[in-house]
Amino acid sequence: MNNLAFGQYYHTNSVIHRMDPRTKILSSLLFMIGLFIIPKNNFLFMGIFALFMVITILLTKVPLKKFLKSIKFVTYLLLFSFVFQVLFNSEGELLLTINHNLTLVNVGICLVVLICLFLLRKKIPLFFILFLVVLVLGVKFLEYPVYGNVLLNYDIKVYTGGVITGAFVISRVLILIISSAVLTLTTKPTDLNNGLEALLKPFGKKTSILAMMISIALRFIPTLFLETEKILKAQASRGVDFNEGKLKDKIGQIVSLLVPMFIISFKRAADLADAMEARGYVPGEKRTKLVKMNFTLKDVIYLLSIILIITIVIIYRVI
Amino acid sequence: MGINFYDVDFTYDVKASKTLKNINLKINKENEFITILGHTGSGKSTLVQLMNALNLPNKGVVEVAGIKILPNNKEMLKPVRRHVGLVFQFPEYQLFEETVLKDVMFGPKNFDKNNADVELSAKQALKMVSLDESLYERSPFNLSGGQMRRVAIAGILASNPDILVLDEPTVGLDPKGKTDLMEMLVEIQKETNKSVIIITHDMNVVAKYSKRCIVLDDGKIVYDGGKREMFENSELLKNHNLDLPDISKVANSLKNKGLITFEALPLTKDELFNVITRGDENE
């Protein structure tokens, strides 16, 4: 449990890894803003942004699997927004019409299939692809009145505008997620925190306290995790079985874990506060850093290229 | 009965090297007073957690009171934990109830749902660790460190385990607290005949109390036997980062100066005293 990873930092020591955390934070921020000022359905600019991201991903030398993992969380959101666009956007030409005849039987079959899929979702590899296939088949299947009276008959009209806007929205969200993944995959949490602190400096003295709080919280998550494991074992040897028991027992079991954890955390916090004070920490006071952040040529190039792209987008929009 | 290890391997992380390798061990249910020695990271704590099924072996069998603990077998662990009471390092952190008595009652209540005699056994356990009756209704968090540790040990004793295992019970106590605690354990062992197993780094504790020593190094048992043989085997001590008890060091330096002579290395105060007074008679 020692190697519990936070954030999802993946070490490869690439150019992107060695870049100043300030650059990376700033550039992903600018990049995200840029994504949202691209004119609607302009795939040329989206292509430029995508190309930029692809180059960055190649530079990071992080396995592609890691990026795909970060997309995994939003697949259903993407699907939903695509379907939403396709169903309700009626711009452009009519692409196809789907005539649905709903009867008790075919709706019932669809529901059963969906529930089965939902229950089996953990056991099927590449579940998402299967889900897509089933979805398409289901939509097709609903056209035929299998048995019994037709309860509802309606048309779904798909227009080209809907498909195009759907694709645009999906690519925008995809690139957005990947750009934030680039930031978290290539920057250590502590560096991220230092960068954030440096960037927030102009906004007031107190921001350094915030940054310190974040870094301490990050630092102590694994420690508290180990501590929890220890208490868990200690209570298990006193006959607590965290897997069984009624609700009433469960509450008692959780109390037997929570109380010691609270006491340990408060004690640790007090000790740490003393240790920090003993080493001269004054909240909000100016502090020197062990690792100086260096703004080098690669940072300038990376930042400038992003600014260039965004400027082109802005000029295009204004004209 | 007791605890038996048959060819046990254990590892926390399948990718990493084994924490324990090929452990074969037989511990009786009664009359043992074992100390487990070995430097940090040699697998002592892991070994005792296997005795109480908190860790399950990756290979081999651990048999506790006739119950076989096999790899990936998560049934029947509760009775095992009842047979073997394990006191963790710094056990005072596991206290959580409102009163001392309630906290000690927590263990037996978990093991035995019909809580008729729970209070009785809790009070007996508290008596065993000689905690004053006036403290029973106090919050455990208002006690001193030594008292808290006694309460925690009582919390294990209350479930009446056949074998008592303690992971560095004297760490962080003052010298008097240390001696008191050890004397208490000896007393409990004598009274109830329960086997006691202690992990320790303190050679004085080993010399004074232990009947049998088990030395671990790099996950392997490198010695299992009496303390005298162990302390007289200087090769073994040197190879596994062990030390002599203070009394024996004194005895050795006196011998080197030619002040006393002895055949058997004195391990305790009394033994050294005997050697010195006998020397006087000889002159």
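Student: Is Ile214(A) buried, exposed or partly exposed?
Tutor: Keep in mind that we're looking at a predicted model. A residue needs 20 or more other C-beta atoms within 10 Å to be buried, and 12 or fewer to be exposed. Ile214(A) has 16 other C-beta atoms within 10 Å, so it falls in between and counts as partly exposed.

Student: And which helix holds Ile214(A)?
Tutor: Look in chain A for the stretch 207-236. Residue 214 sits inside that stretch, and the helix there is α10.

Student: How far apart in space are Ile214(A) and Pro189(A), C-alpha to C-alpha?
Tutor: Along the sequence, these two are 25 residues apart. In space, from C-alpha to C-alpha, the gap between Ile214(A) and Pro189(A) is 9.5 Å.

Student: Let's zoom out. What radius of gyration does chain A have, next to a compact globule of 319 residues?
Tutor: A compact globule with 319 residues would come out near 20 Å. Chain A doesn't follow that rule, as its radius of gyration is 27 Å.

Student: How many of the 319 residues of chain A count as buried, in percent?
Tutor: Picture the chain first: its C-alpha atoms fill a box of roughly 80 × 65 × 35 Å along the principal axes. It has 12 helices and 2 strands. Out of its 319 residues, the buried part is 16%.

Student: What about chain B: which radius of gyration does it have, and does that agree or disagree with a compact globule?
Tutor: For 283 residues, the globule rule gives a value near 19 Å. Chain B agrees with that rule, because its own radius of gyration is 20 Å.

Student: What percentage of the residues in chain B is buried?
Tutor: The C-alpha atoms of chain B fill a box of roughly 70 × 50 × 30 Å, and its secondary structure comes to 11 helices and 10 strands. Among its 283 residues, the buried ones make up 41%.

Student: Which strands stand at the edges of the open sheet of 4 strands in chain B?
Tutor: Read off the order, β2-β1-β4-β5, with antiparallel pairing. An edge strand has a single partner, so one side of it is left without a neighbour in the sheet. In chain B, that applies to β2 (20-27) and β5 (67-69).

Student: Which residue is the bridge partner of Tyr6(B) in β4(B)?
Tutor: In general, strands of a sheet pair through backbone hydrogen bonds, either parallel or antiparallel. Here β1 (residues 3-10) and β4 (residues 59-64) of chain B pair in the antiparallel sense over 5 bridges. In β4(B), the partner of Tyr6(B) is Val61(B).

Student: At about what angle does helix α1 of chain B run to β1(B)?
Tutor: Helix α1 covers residues 44-51 and lies across β1, β2 and β4 of chain B. Against β1(B), it runs at about 125°.

Student: There's an open sheet of 6 strands too; which are its edge strands?
Tutor: Its order is β6-β7-β8-β3-β9-β10 in chain B, and the pairing is mixed. The edge strands each pair on one side only, and they are β6 (84-87) and β10 (220-225).

Student: Which residue in β8(B) stands opposite Ile36(B)?
Tutor: Find β3 (residues 33-37) and β8 (residues 195-199) of chain B, which pair in the parallel sense over 4 bridges. Opposite Ile36(B), you'll meet Ile199(B).

Student: Which element gives the largest share of the largest nonpolar core?
Tutor: This core has 77 residues, and those with the most contacts inside it are Val104(B), Ala154(B), Val165(B) and Ile197(B). Seen by element, the largest share is 7 residues, from α5(B).

Student: How many residues of α3(B) are buried?
Tutor: Among the buried ones are Val104(B), Met105(B) and Phe106(B). What covers them includes α11 (247-278) of chain A, together with α4 (118-128) and α5 of chain B. The helix is mostly covered: of its 12 residues, the buried number is 10.

Student: Where do the chains touch, and which element gives the largest share on the side of chain B?
Tutor: The contact takes 19 residues from chain B and 16 residues from chain A. Elements giving two or more residues on the chain B side are α2 (77-83), α3 (100-111) and α5 (145-157). With 4 residues, the largest share comes from α3(B).

Notes
Residues numbered from 1 in each chain as written. Chains lettered and ligands numbered in written order. Predicted model: local features only at pLDDT ≥ 70, side-chain atom pairs only at ≥ 80, totals over all residues. Rg over C-alpha atoms; globule rule 2.2 N^0.38 Å. Contact = placed C-beta atoms within 7 Å. Pairing = 2+ DSSP bridges. Axes fitted to C-alpha atoms, helices over the stretch in contact; angles between N-to-C directions. Core = buried A, V, L, I, M, F, W, Y, C linked by C-beta atoms within 7 Å.
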